[in-house]
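Got your viewer open? Load the model below, and we'll click through it stop by stop.

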Amino acid sequence: MTNRRKRVLSGTQPTGRLHIGHLVGALRNYVALQAENDCFYCIVDWHALTSMYSDTSRLQDYVTEVAAGYLASGVDPEKSVIFVQSDVKEHAELHLLLSMMTPLGWLERVPTYKEKKAQMKDKDLSNYGFLGYPVLQTADIIIYKANLVPVGEDQLYHLELAREIVRRFHHLTGSMIFPEPQAKLTVAKRVPGLDGRKMSKSYGNSIYLEDTEEEITKKISTMVTDTRRVRRTDPGEPEDCPVFALHRIFSTETEQADCAAGCRSAGIGCFDCKKVLIRHVLEEVLPVGERIRKLKEDGDYLKDVLNAGAGKAREVAAATMDEVRAAMNLKGR
Ligand code: TRP
Ligand code: SF4
């Protein structure tokens, strides 16, 4: 049989607590991929610093949070390499070398760059590091010669840029070292938050993996619905309802069909509809939250996992860097 295993790399920024958007947008995918591929799952603390540089006091808590979230949702340290970016200094060296050959115009054109800068008014993102964010991301990916990168839709441009940087590296050095990494889109592309906008810590509209039963129940009960359903007797349109978008992610197909029909005919009220969703969210999220809490209590275990992961990652990264240095004539001795 041919060996179809591919290299997979993905990263999560340790910028806060994990929410169900992380779970269905990334973590479920990480777990699915690890059975048949060689996976590297990174906690990208340097990336977090591109926007969090002015207050790093919680950084270690958030690193722990992401590590615990990976393990709690089923990423298995026996199968996948789980590590912290700053533990593998080679990422920084490759970032530096790639930055020499990346035209500024490519970076200024990145849509997430302009959007985030405009959105995050409370933060000054006119720093050099933030502009170079996608170059560092490219280094994360290609230093492991990854073929596949599980990400959400918002990362597609970064992946395109990564491929362009790879092509430029090959063209300029004449050394074909890296595969061109492809995005592996998650099925649930966009997870709506409680207010219908994308779920995000900065919007305060999230259901966190460590929320209690009461918190989750309350959050979904008060979540916005299709605005047509002002009264119980007003019919609604599930496609315009963020609650229904969560049904698509958490509920069975029969339940989705029943809720959609009941919504359109005003046969059910929003509360009936939400009750079904609440049951499923609790079923999936509470055990994950419980495991996260336990893992955080046992800090030594997490440290061991991250140290072992860093060791394995370093080996691969160091071998790639030998090739890169040779390709750029940085090693003549
Ligand atoms: N930019 C990614 C995000 O915000 C995080 C990230 C950093 C990443 N390095 C990566 C994702 C490498 C995939 C691969 O979600
Ligand atoms: Fe949304 Fe369900 Fe209410 Fe319809 S019945 S508006 S799908 S919560």
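The tour goes from a pair of strands to a pocket and ends at a ligand. Keep in mind along the way that this is a predicted model.

**Stop 1: the strands.** Select residues 81-84, which make up strand β3, and show the side chains. Val81 and Phe83 point one way, while Ile82 and Val84 point the other way. Which are they, buried or exposed? All four of these side chains belong to buried residues. Now add residues 38-43, strand β2. β2 and β3 pair in the parallel sense, with four bridges between them. To find one of the bridge partners, pick Cys42 and go across to Phe83 in β3.

**Stop 2: a pocket.** Next, select His95, Tyr128, Gly129, Gly132 and Tyr133: of the 16 residues lining the second largest pocket, these are the closest to its centre. The space in there comes to about 310 Å³. For the walls, colour α2 (45-52), α4 (90-101), α5 (104-108), α7 (128-131) and α8 (133-142), each of which supplies at least two lining residues. What is the lining made of? Colour by residue class and you get 10 nonpolar residues, six polar and no charged.

**Stop 3: the ligand.** Keep Tyr133 selected and bring up ligand 1, which has 13 residues around it. The closest are Gln13, Tyr133, Gln137, Asp140 and Gln155. Three distances from polar side-chain atoms are handy to display:

- Tyr133 to a nitrogen atom of ligand 1: 2.7 Å
- Gln155 to a nitrogen atom of ligand 1: 2.9 Å
- Gln13 to an oxygen atom of ligand 1: 3.4 Å

Definitions and conventions. Residues are numbered from 1 along each chain as its sequence is written. Chains are lettered from A and ligands numbered from 1 in the order in which they are written. This is a predicted model: local features need pLDDT of at least 70, side-chain atom pairs count only at pLDDT 80 or more; totals for chains, interfaces and linings use all residues. Side-chain values use heavy atoms; hydrogens and water are left out. Buried means under 20% relative accessible area, exposed over 50%, partly exposed in between (1.4 Å probe, protein chains only). Two strands pair if DSSP finds at least two bridges between them. On a 1 Å grid over the protein atoms alone, a cavity is a set of points where a 1.4 Å probe fits but cannot get out, and a pocket is an open set with protein on both sides within 12 Å along at least five of seven lines; lining residues have an atom within 4 Å of a point. Grid points are joined across faces, edges and corners, and a volume is the space filled by probe spheres set on the points. Ala, Val, Leu, Ile, Met, Phe, Trp, Tyr, Cys and Pro count as nonpolar, Asp, Glu, Lys and Arg as charged, and the others, Gly among them, as polar. A residue is near a molecule or strand if one of its heavy atoms lies within 4 Å of it. A polar contact is a pair of N or O atoms within 3.5 Å; within protein, one must be able to donate a hydrogen and the other to accept it, and residues adjacent in sequence count only if both atoms are side-chain atoms.
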